[in-house]
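Me: Could you take a close look at the largest pocket for me, and walk me through the residues around it? I would also be glad of a few words on other spots worth a visit.

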Amino acid sequence: MDIKNAQLEVDNWITNHGVRYFNELTNMAQLTEEVGEVARIIARRYGEQSEKESDKNKDLGEELADVMFVVLCLANQTGIDLQEAFDKKLDLKTKRDHDRHHNNQKLK
């Protein structure tokens, strides 16, 4: 599924299952919360912190999907075509960073 279709699916879900979008500030707070959950899993599973027993069954994919859902909500309610924005960003990064990363001694 491309990003444009994902935005449409989220909008359809909100229309059919939600009452309305939460306001942008509430969604920003939700996004922060979801990113925190991703950070907690990664810090404990892949970082140096020990993983608590209660965290061992947490699904990183599910938490990343939560982040994506809220990002798509924010894009929809602020009129952003996220597919277009992503394509532009990838093009910019490709042009700007190609040689930079190949020449980075830290990555060798």
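Reply: Happy to help; what follows starts with the pocket, moves to some of its lining residues, and then visits a few aspartates. Please keep in mind that this is a predicted model.

Let us begin with the pocket itself. The largest pocket has a volume of about 180 Å³. Its lining is made up of 13 residues, and those closest to the centre are Ile 14, Phe 22, Gln 30, Phe 69 and Cys 73. Three helices each give two or more residues to this lining: α1, spanning 3-17, α2, spanning 24-45, and α3, spanning 60-77. Of these, α3 supplies the largest share, with 4 residues. Sorted by class, the lining holds 7 nonpolar residues, along with 3 polar and 3 charged ones.

Phe 22 is a good residue to pick out next, as it is among those closest to the pocket centre. You will find Phe 22 in the loop between α1 and α2. Is Phe 22 buried or exposed? The answer falls in between: its relative accessibility is 46%, so Phe 22 counts as partly exposed. Buried would call for a value under 20%, and exposed for one over 50%. Setting aside neighbours within four places in sequence, Phe 22 is in contact with Asn 27, Gln 30 and Gln 77. One of these partners, Gln 30, is also listed among the residues closest to the pocket centre. For a sense of distance across the model, the C-alpha atoms of Phe 22 and Asp 91 are separated by 32 Å, with their positions 69 residues apart along the chain.

Phe 69, another of the residues closest to the pocket centre, brings us to the aromatic rings. A search of the whole structure turns up 1 aromatic pair. It is formed by Trp 13 and Phe 69: the ring centres are 5.6 Å apart and the planes stand at 90°, so the pair is edge-to-face. The cut-off behind that label is an angle over 60 degrees. This pair links distant parts of the chain, since Trp 13 sits in helix α1 and Phe 69 in helix α3, 56 residues apart. Both partners keep some accessible surface: Trp 13 is partly exposed at 41% relative accessibility, and Phe 69 is partly exposed at 30%.

Now for the aspartates. Asp 55 lies in the loop between α2 and α3. With a relative accessibility of 5%, Asp 55 counts as buried, because the limit for that class is under 20%. What does the side chain of Asp 55 make a polar contact with? Its partner is the side chain of Arg 40, at 3.0 Å. Leaving out residues up to four places away in sequence, Asp 55 touches Arg 40, Arg 44 and Arg 45.

Asp 66 belongs to helix α3, and its 26% relative accessibility makes it partly exposed. From Asp 66 to Thr 78, 12 residues apart along the chain, the C-alpha separation is 19 Å. Asp 87, in turn, has its place in helix α4, which covers residues 82-102. Asp 87 is partly exposed too, with a relative accessibility of 41%. Measuring along the sequence, Asp 87 and Val 19 are 68 residues apart, while in space their C-alpha atoms are 31 Å apart.

Notes:
Residues are numbered from 1 along each chain as its sequence is written. This is a predicted model: local features need pLDDT of at least 70, side-chain atom pairs count only at pLDDT 80 or more; totals for chains, interfaces and linings use all residues. Side-chain values use heavy atoms; hydrogens and water are left out. On a 1 Å grid over the protein atoms alone, a cavity is a set of points where a 1.4 Å probe fits but cannot get out, and a pocket is an open set with protein on both sides within 12 Å along at least five of seven lines; lining residues have an atom within 4 Å of a point. Grid points are joined across faces, edges and corners, and a volume is the space filled by probe spheres set on the points. Ala, Val, Leu, Ile, Met, Phe, Trp, Tyr, Cys and Pro count as nonpolar, Asp, Glu, Lys and Arg as charged, and the others, Gly among them, as polar. Buried means under 20% relative accessible area, exposed over 50%, partly exposed in between (1.4 Å probe, protein chains only). A polar contact is a pair of N or O atoms within 3.5 Å; within protein, one must be able to donate a hydrogen and the other to accept it, and residues adjacent in sequence count only if both atoms are side-chain atoms. Contact means heavy atoms within 4.5 Å. Rings of Phe, Tyr and Trp (its six-membered ring) pair if their centres lie within 6.5 Å; planes under 30 degrees apart count as stacked, over 60 as edge-to-face and the rest as tilted.
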